[in-house]
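This explanation is meant for a reader who meets the structure here for the first time. Please keep the sequence and the 3D view at hand while reading.

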Amino acid sequence: MSKTLIVYYSRKGENYVNGSVRNLAKGNTEIVAEMIADMTGGDLFEIDTVKPYAADYYTCIDEAKAELRQNARPELKAYPDSLDEYDAIFVGYPNWWGTMPMAMFTFLEHFDLSGKRILPFCTNEGSGMGSSERDLKKVCKGAKVESGLSIHGAEAANSRSKVETWVRKLV
């Protein structure tokens with residue numbers, strides 16, 4: 001019996017939403033990840049960094065840009081013991097500077113993903129998937145990376161039908 005994992009990184013607190021910074025009780029990517037878990041019965045795993053990003057949105061994006069330029073691999077608080085039982089892995093993240101947050105690279109490089117299906121989804125305020133699908137193909141060697149789903153962050157809470165259509169097509 002194949003199992004599904006939904007692994008995601010999400011930012012709550014200050015976020016850029018429709019042209020202004022707003023405080024979100026729950027991150028947009030987490031909202032979509034929970035929808036996917038509900039639709040698939042998959043297990044959820046939230047990525048969390050040892051060193052938290054700044055609470056201030058503008059400081060956070062500066063930190064994210066510096067990590068990208070340095071090709072950094074932020075240390076994570078935890079990993080699943082194994083991904084062996086999972087055939088399909090949904091990978092969710094906000095689009096930061098045209099790709100995934102560097103913490104996603106840390107997570108993905110930790111595992112041998114050969115033979116897995118990688119199903120990417122991202123939230124963003126207009127930048128779509130950016131180069132993240134191409135980056136996933138590089139980092140997830142031996143895995144089949146499917147076409148991703150881009151969700152406008154401000155519409156995450158109301159995107160269930162779009163998410164469901166995408167999930168049905170792939171699962």
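The paragraphs below move from the overall form to a covered helix, then to the internal space, the pockets and two loop residues.

The model is predicted. The protein contains 5 helices and 8 strands. Followed along the sequence, these elements give the pattern β-β-β-α-β-α-β-α-β-α-β-β-α. The C-alpha trace extends over about 45 × 35 × 25 Å along its principal axes. For a chain of 171 residues, a compact globule would be expected to have a radius of gyration near 16 Å, and the 15 Å of the protein agrees with this.

Contacts and surface add to this description. Among contacts in the protein with a separation of 6 or more, 78% join residues that lie 24 or more positions apart. Of the 171 residues, 51% count as buried. The protein exposes about 8500 Å² of surface, and 46% of this comes from carbon and sulfur atoms.

Helix 3, which covers residues 102-109, illustrates burial within a single element. Of its 8 residues, 7 are buried, and the helix is accordingly described as mostly covered. The buried residues are Met-102, Ala-103, Met-104, Phe-105, Thr-106, Phe-107 and Leu-108. What lies over them? The cover of these buried residues includes strand 1 (3-8), strand 4 (43-46) and strand 5 (86-94), together with helix 2 (57-70) and helix 4 (132-139).

Met-102 of helix 3 is buried, and Met-102 also belongs to the lining of the largest cavity. The search of the whole structure finds 1 cavity of 30 Å³ or more. The largest cavity holds about 40 Å³ of space. Besides Met-102, its lining consists of Ala-64, Leu-68, Trp-96, Trp-97, Thr-99, Met-100 and Pro-101. By class, this lining has 7 nonpolar residues and 1 polar residue, with no charged residues.

The pockets come next. The largest pocket has about 370 Å³ of space. Its lining is made up of 21 residues, of which Tyr-57, Pro-94, Asn-95, Trp-96 and Glu-125 are the closest to its centre. Trp-96 is thus found in the lining of this pocket and in that of the largest cavity. Two or more lining residues of the largest pocket come from each of strand 2 (13-17), helix 1 (28-40), helix 2 and strand 6 (117-124). Helix 2 gives the most, with 3 residues. Divided by class, the lining of the largest pocket has 8 nonpolar, 11 polar and 2 charged residues.

The second largest pocket has a volume of about 210 Å³. One part of its lining is Tyr-9, Ser-10, Arg-11 and Lys-12; another is Glu-46, Ile-47, Asp-48 and Thr-49; and Pro-52, Tyr-53, Ala-54 and Ala-55 also take part. This lining comprises 6 nonpolar, 2 polar and 4 charged residues.

Two asparagines in loops deserve a final look. Asn-18 lies in the loop between strand 2 and strand 3 (20-24). Although Asn-18 is not a glycine, its phi is positive, at about 50 degrees. Is Asn-18 buried or exposed? Asn-18 counts as exposed because its relative accessibility is 55%, and the cut-off for exposed is over 50%. Asn-71 is situated in the loop between helix 2 and strand 5. Asn-71 likewise has a positive phi, near 55 degrees, in a residue other than glycine.

Methods
Residues are numbered from 1 along each chain as its sequence is written. This is a predicted model: local features need pLDDT of at least 70, side-chain atom pairs count only at pLDDT 80 or more; totals for chains, interfaces and linings use all residues. Side-chain values use heavy atoms; hydrogens and water are left out. On a 1 Å grid over the protein atoms alone, a cavity is a set of points where a 1.4 Å probe fits but cannot get out, and a pocket is an open set with protein on both sides within 12 Å along at least five of seven lines; lining residues have an atom within 4 Å of a point. Grid points are joined across faces, edges and corners, and a volume is the space filled by probe spheres set on the points. Ala, Val, Leu, Ile, Met, Phe, Trp, Tyr, Cys and Pro count as nonpolar, Asp, Glu, Lys and Arg as charged, and the others, Gly among them, as polar. Helices (H or I, at least four residues) and strands (E, at least two) are DSSP runs, numbered from the N terminus. The radius of gyration is taken over C-alpha atoms; the globule rule is 2.2 Å times the number of residues to the power 0.38. Buried means under 20% relative accessible area, exposed over 50%, partly exposed in between (1.4 Å probe, protein chains only). Contact means heavy atoms within 4.5 Å. Accessible areas come from the Shrake-Rupley method with a 1.4 Å probe; for residues, only the protein chains shown count as cover.
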